[in-house]
Amino acid sequence: MLHVEPAEAVAAHATAPTAPSGNPTAGLTSGEAAARLRVDGPNALGGEGRRTSLKILASQFASPLVLILVTASCVSIAVGDTVEAGIILAIVALSAGLGFVQEARAEASVAALQARLTLRATVIRDGREQEVPVHDVVRGDVVALAAGNIVPADGRLLAANHLYVDESSLTGESAAALKAPRDGEPDATRDADGEPGPTRDGDRDAFVFLGTSVVSGTGRAVITATGARTSYGAIAKRLAERAPQTDFQQGIRAFGLLVARVTLLLVVSVFAINVALQRPLFESLLFAVALAVGLTPELLPAIVTLNLTRGARALAVHGVLVKRLPAIQNLGGVTVLCTDKTGTLTEGKLRLEQSVGIDRDDTTEAATALALAYLNSHFQAGFANPLDTAILAQAAAPADLASYRKLAELPYDFQRRLLSVVVQRADEPPLVVTKGAPESVVVRSTSVREDHTARPIDAAEHARLAALVDGASADGFRLVAVASRVLSPEELASLKAPGSAVGLAAADRLERDLVFEGVILFSDPAKAGVAATIADLARQGVALKVVTGDNELVARHTAGEVGLAVAGILTGDEMRTLTHPALVARAPGTTIFARVDPDQKLQVIRALRESGAVVGYLGDGINDAPALHVADVGISVDNATDVARSAADIILLEPSLAAISQGVTEGRRTFANTLKYIRMGTSSNFGNMLSMAGAALVLPFLPMTPGQILLNNLIYDASQTALPTDVVDPEVEAKPARWDIHGVERFMLVFGPISSVFDFVTFGLLLLVLGPNEKAFHTGWFIESLFTQILVVLVIRTQRSPFWRSRPSRELVVAIIAALAAAVLIPASPLGALLEFAGLPPLYWVLLAGIVVGYLALVETVKRLSEGWLTAHRSG
């Protein structure tokens, strides 16, 4: 669409009065804003925000098994069995306290990280522009909008300057909508009362809506609705959609379901066996429920969150801020990283080298081209891209700049790859000035400026233009071509009334029969050290692919400068000739995707994912948002557009491949340490379930009391909270890893029975040494169970053999020692009597040492023989 400028500059409207005088164009005072925030609440959709401490505490008792246990204990107290029930309740409370502390710490860490990533809006308060967090925007606020911004809430426009807004998230329309305020004075009462939006279909063009994004232009709007009262909020409330789960989240969920199925089967079996053996029904129920609680990996969410928050804090030190925690693990699984070259492979600081006409030696032609490029960059109202910034900062402004006024603008879009303005100086004829990709300018040019005259372009001139563009591109220069055309009075009159919009057909009317003026050459040096980082990524199993709007010659030159081996190049024009299956086949072997538009970037990411790659995408522009959203990991930078930052999972304080490489390593550490907990849970808990089922068949009494089972579980869980600190072997960090639930099942089915074998050996030795002494048996198995469960982590935590070749973290060693000490000392303490523990003879400790050494040796042997077959992940 083309927006036609009124005779008076729109900029005058954009600087509306800002005194807090009750006029809605003047904004609010800080006091008024605070009062409205208290009444309306934060500008956030329902379900957003941090959990309160009370909710975290309540969640510790949300498990049906825990509730059954608490209820049964209360019944025991009511019938007079206070000691056992009191012990069970105390241990449940301690377990809940442990979970509460860990989750509250994780929640606080997440909140601190998220606070650094809060989107901000520019509002007018107390008579001046100031930035506030988006969630603090209230009804009546006047917000300033510019290209790249996300609209913070629903609002009615007060002023607009070529304001184009992408409303596809609400309407599904891909074309940006032109916005303009209504004629007439603003209705202060309507705005203050917060009417949610337009009342007629025609009103939509005068309103902006939460979650939409500004493509180009500027404007100001008075907020009419916030949070759930917005149009987007109403849709979200109706749909109540959840974000799709990541590969990591799906793996955790699948593991939880696996454990739940196995636990339910074996616990029901144990209860049925006890009932069949005519043991007391209530005691059998209490034992079965306590067993289920003890065997359920209820700390898994806390361990995962602790792992992720620890990884997020480590990445923050390196300038990498994590918006969505599960993305850390996905970053560790990345096998392909797609990025533009600007700012990552290069410095991202464009230097204007020169301007040239068709005759590279004619300085007059060069000066004319640069002056026209300056006019275009000066008057355009879209997002300030680096090329415009370089022109305005490094070129001299035309001496007569003040005498020009802008009549109209045709904003940049990624299909035309052009931006045109119509300007006029005094009473001279209006002039169309077009700037954009050389190939797009050339195809719309019918003549070329040479020797101060416009000569028709013939075949020879086309060859000269192609040589000019290709030669400069091959030398690594980024190019912008400039062309112009004088508008006739009839063409000017054919434009609609000031402030109105006409269709994209205006591009065909204005951007035709152009006079090619010349090209502007920019350099962007390769970033120091990037070649070493590319090599590091390759060693990590991450292939780097360049996805750029620049032509293939510039991209190949940059790749050569940074040592990126180019296996193949695919251009946007070539992509249009490929079917999707053909693109899926070619994408993995392609290093550079050149001259691609936003839709094609999206196609590249989808094709790579369908080929089996885990794709990270680094982008910072408006056009990068769709690709950021569909990638496995979307990465943007702190100074990116709001749209890109909102779509991304991870934000870089500086555009750096080295920071991404560090993030890949941290993601693999996070996954590896989470996997350690899962391996322990599968090898120990499944084995304990089998042992309990067997013991219920052969023993004349329960192998442990419910209170002892819960205490065992509490000590074990406490020892596992140090796992997020553990050291990960370099060979694990060196390769991508993804979930494989079948690998988890294999691991469980092999190492679980090994644990059970040693439990049954323990049962036999205890009966042989201690005789039918129920309390001594409970004590002996309580200690043996903890020793084997806790010490096996030293074997399972590493793929190295023997396991002592890999050193655990100091925190994990301390936690293991403390847990083993608790296992020995509690039965011997006064608390041991309350828990019905008994003393053990010296021979027991000799047998315990032999059992533990034998168990660890067998696990180590099986691990070595498996040679990776039992690993619970698959390499990317």
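Q: If buried means under 20% relative accessible area, exposed over 50% and partly exposed in between (1.4 Å probe, protein chains only), why is Arg512 called partly exposed?
A: Arg512 has a relative accessible area of 33%, and because partly exposed covers the values between under 20% and over 50%, Arg512 is given that name. Asp513, at 38%, is also partly exposed. This is a predicted model, in which local features need pLDDT of at least 70 and side-chain atom pairs count only at pLDDT 80 or more, while totals for chains, interfaces and linings use all residues. Residues are numbered from 1 along each chain as its sequence is written, and side-chain values use heavy atoms, with hydrogens and water left out.

Q: How do you know that Asp513 and Arg512 meet in a salt bridge?
A: A salt bridge is a side-chain nitrogen of Lys or Arg within 4 Å of a carboxyl oxygen of Asp or Glu, and the N to O distance for the side chains of Asp513 and Arg512 is 2.6 Å, so the pair meets the definition. The structure holds 28 salt bridges, and Lys341, Arg478 and Asp550 are linked in a network of them.

Q: What makes the salt bridge of Asp726 and Arg797 a tie between parts of the chain?
A: The closest N and O atoms of Asp726 and Arg797 are 2.7 Å apart. Asp726 lies in the loop between helix 27 (706-720) and helix 28 (730-733), and Arg797 in the loop between helix 31 (793-796) and helix 32 (810-828), so the pair ties together parts that are 71 residues apart in sequence. Helices here are DSSP runs (H or I) of at least four residues, numbered from the N terminus. Asp726 is buried at 6% relative accessible area, and Arg797 is buried at 5%.

Q: Why do Arg800 and Asp729 count as a salt bridge?
A: The side chains of Arg800 and Asp729 meet at 4.0 Å, N to O, and because the cut-off is within 4 Å, this pair is accepted. Both Arg800 and Asp729 are buried.

Q: Why is the pair of Phe763 and Trp781 called edge-to-face?
A: Rings of Phe, Tyr and Trp (its six-membered ring) pair if their centres lie within 6.5 Å, and planes under 30 degrees apart count as stacked, over 60 as edge-to-face and the rest as tilted. A search of the whole structure finds 9 aromatic pairs; in the one formed by Phe763 and Trp781, the centres are 5.0 Å apart and the planes stand at 70°, so the name edge-to-face follows from the definition. Phe763 lies in helix 29 (residues 741-770) and Trp781 in helix 30 (residues 774-791), so the pair ties together parts that are 18 residues apart in sequence. Phe763 is buried at 3% and Trp781 at 0%, and both residues belong to one aromatic cluster with Phe701, Phe760 and Phe777.

Q: What makes Tyr844 buried?
A: Its relative accessibility is 5%, and because buried means under 20%, the name applies. Its edge-to-face partner Trp845, with centres 5.2 Å apart and 80° between the planes, is partly exposed at 34%.

Q: Why is Val846 called exposed?
A: Val846 has 57% relative accessibility, and because exposed means over 50%, it is classed so. Val846 lies in helix 34 and forms a nonpolar patch on the surface with Leu768, Val769 and Leu843, which together have about 390 Å² of accessible area. Such patches join nonpolar side chains (Val, Leu, Ile, Met, Phe, Trp, Tyr) within 5 Å, from residues with over 30% relative accessible area and no salt bridge; the areas come from the Shrake-Rupley method with a 1.4 Å probe.

Key
Helices (H or I, at least four residues) and strands (E, at least two) are DSSP runs, numbered from the N terminus. Patches are made of residues with over 30% relative accessible area and no salt bridge: like charges are joined within 9 Å, nonpolar side chains (Val, Leu, Ile, Met, Phe, Trp, Tyr) within 5 Å.
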